[in-house]
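Student: I have a chain open here and want to go through it with you. Can we start with a single residue and work outwards?
Tutor: Fine, go ahead.

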Amino acid sequence: AQNKVAEKKSEADKVKFTDILNVFKVNRAYLALCVHSICIVCGTTVASQAGTFMYSDVLGDIGMMSMASAMSSGVNIAILSITPFLAKKFELVKIIRTALLTGIVLFVGMFGLSMVTSISPFIYVIVVGLATGMLTLSTRMQWGLVGESIDYNEYLTGKRTEGSIDGTFSLTRRIGQTLSASLAVLMISWFGYVAHDPSVPMVQPYSAVLGIKLMCILIPAVIGMGSWLAFRFIWDINDEKRAAIAAWKAERAARAAQE
């Protein structure tokens, strides 16, 4: 009986390339995760690539980059410390959506402020550090959702394509990182940036300053909104579906035990 169960499981777990494509067609939760992954990686990578220009040519204090790095590490540590408590009380998707919206609001507010007055480097480090931390919170919590999407896919298709789903998800992150890194290099030239030694202050044309602000502040907000929309309108796992998945798994386990 155990051999028969193992044979059936082996047949169910065989994965073809068309099965991988079918995941995107039938598994909206996984599709939402992939869209989110590309969005967040793109937004944070573009901002990171333009960070040196922001501190050197807009804020005029390249030395603040070290403080920004320390601030980012502190925010990430704080987020990691409270994440387990939040996950016990609230649904992961709701936590992620709330964090994304918080980060978006902070970024948009900072961009608006930067358009009407000069920004204090210290204030920039604090606000943007918190905003970035809110966006990247989703990357700390997304792996629980990946596991849930794998269970959901097995429920929908009868195949637990765990390896292919994990691999494809990691690939979407790589794609987002590669595209955004290349885009950042192109964008800085589009805005008319004049290359120079970052340690030597230089007055850049207004178009370059505006472009740097867009890359470091507004683009993360816009792309973060894309991630929020994915979790709001594409993600479709709810309590009712979780109950159905749990019941299906229990039934299958009972049937396997009888065989």
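Student: Is R160 buried, partly exposed or exposed?
Tutor: R160 counts as partly exposed, because its relative accessible area is 29%. Buried means under 20% relative accessible area, exposed means over 50%, and partly exposed is in between, with a 1.4 Å probe and protein chains only. This is a predicted model, where local features need pLDDT of at least 70 and side-chain atom pairs count only at pLDDT 80 or more, while totals for chains, interfaces and linings use all residues. Residues are numbered from 1 along each chain as its sequence is written, and side-chain values use heavy atoms, with hydrogens and water left out.

Student: Where does R160 sit?
Tutor: R160 is in the loop between α7 and α8. Helices (H or I, at least four residues) and strands (E, at least two) are DSSP runs, numbered from the N terminus. From C-alpha to C-alpha, R160 and I150 are 6.8 Å apart in space and ten residues apart in sequence.

Student: And N153, which helix is that in?
Tutor: N153 belongs to helix α7, which covers residues 121–157.

Student: Why does N153 count as buried?
Tutor: Because its relative accessibility is 1%.

Student: What does N153 touch?
Tutor: Leaving out residues up to four places away in sequence, N153 touches V23, V26, N27, G158, K159, T161 and I165. Contact means heavy atoms within 4.5 Å.

Student: New topic: how many helices and strands does the chain have?
Tutor: The chain has ten helices and zero strands. Its C-alpha atoms fill a box of roughly 75 × 35 × 30 Å along the principal axes.

Student: How much of the chain is buried?
Tutor: Of its 259 residues, 39% are buried. Among contacts with a separation of 6 or more, 82% are between residues 24 or more positions apart.

Student: What about the core, how many residues are in the largest nonpolar one?
Tutor: The largest nonpolar core has 57 residues, and those with the most contacts inside it are M54, Y124, M215, I217, F231 and W235. A nonpolar core is a set of buried Ala, Val, Leu, Ile, Met, Phe, Trp, Tyr and Cys residues joined through side-chain atoms within 4.5 Å.

Student: Which element gives the largest share of this core?
Tutor: That is α7, with twelve residues.

Student: What is W235 in contact with?
Tutor: Apart from neighbours within four places in sequence, W235 is in contact with R28, A29, A32, L33, V93, L145, E148 and A230.

Student: Now G224, where is that?
Tutor: G224 is in helix α9. G224 is buried because its relative accessible area is 1%. Beyond four places in sequence, the contacts of G224 are L100, I104 and L135.

Student: V209 is in α9 too. Buried or exposed?
Tutor: V209 is buried, at 16% relative accessible area. Setting aside neighbours within four places in sequence, V209 is in contact with V58 and Q204.

Student: On to pockets. What is the volume of the largest one?
Tutor: The largest pocket has a volume of about 710 Å³. Of its 29 lining residues, T44, A47, S48, S72 and T132 are the closest to its centre. A pocket is an open set of points on a 1 Å grid over the protein atoms alone, where a 1.4 Å probe fits, with protein on both sides within 12 Å along at least five of seven lines; lining residues have an atom within 4 Å of a point. The volume is the space filled by probe spheres set on the points.

Student: Which helix gives the most to the lining of the largest pocket?
Tutor: α7 gives the most, with ten residues. By class, the lining has 13 nonpolar, 14 polar and two charged residues. Ala, Val, Leu, Ile, Met, Phe, Trp, Tyr, Cys and Pro count as nonpolar, Asp, Glu, Lys and Arg as charged, and the others, Gly among them, as polar.

Student: Last one: how many disulfides does the structure hold?
Tutor: Zero. A disulfide is a pair of cysteine sulfur atoms within 2.5 Å.

Student: Why is C39 not bonded to C42?
Tutor: Because the sulfur of C42, the closest cysteine sulfur to that of C39, is 7.0 Å away, too far for a bond. C216 is in no disulfide either, with the nearest cysteine sulfur, that of C42, 15 Å away.
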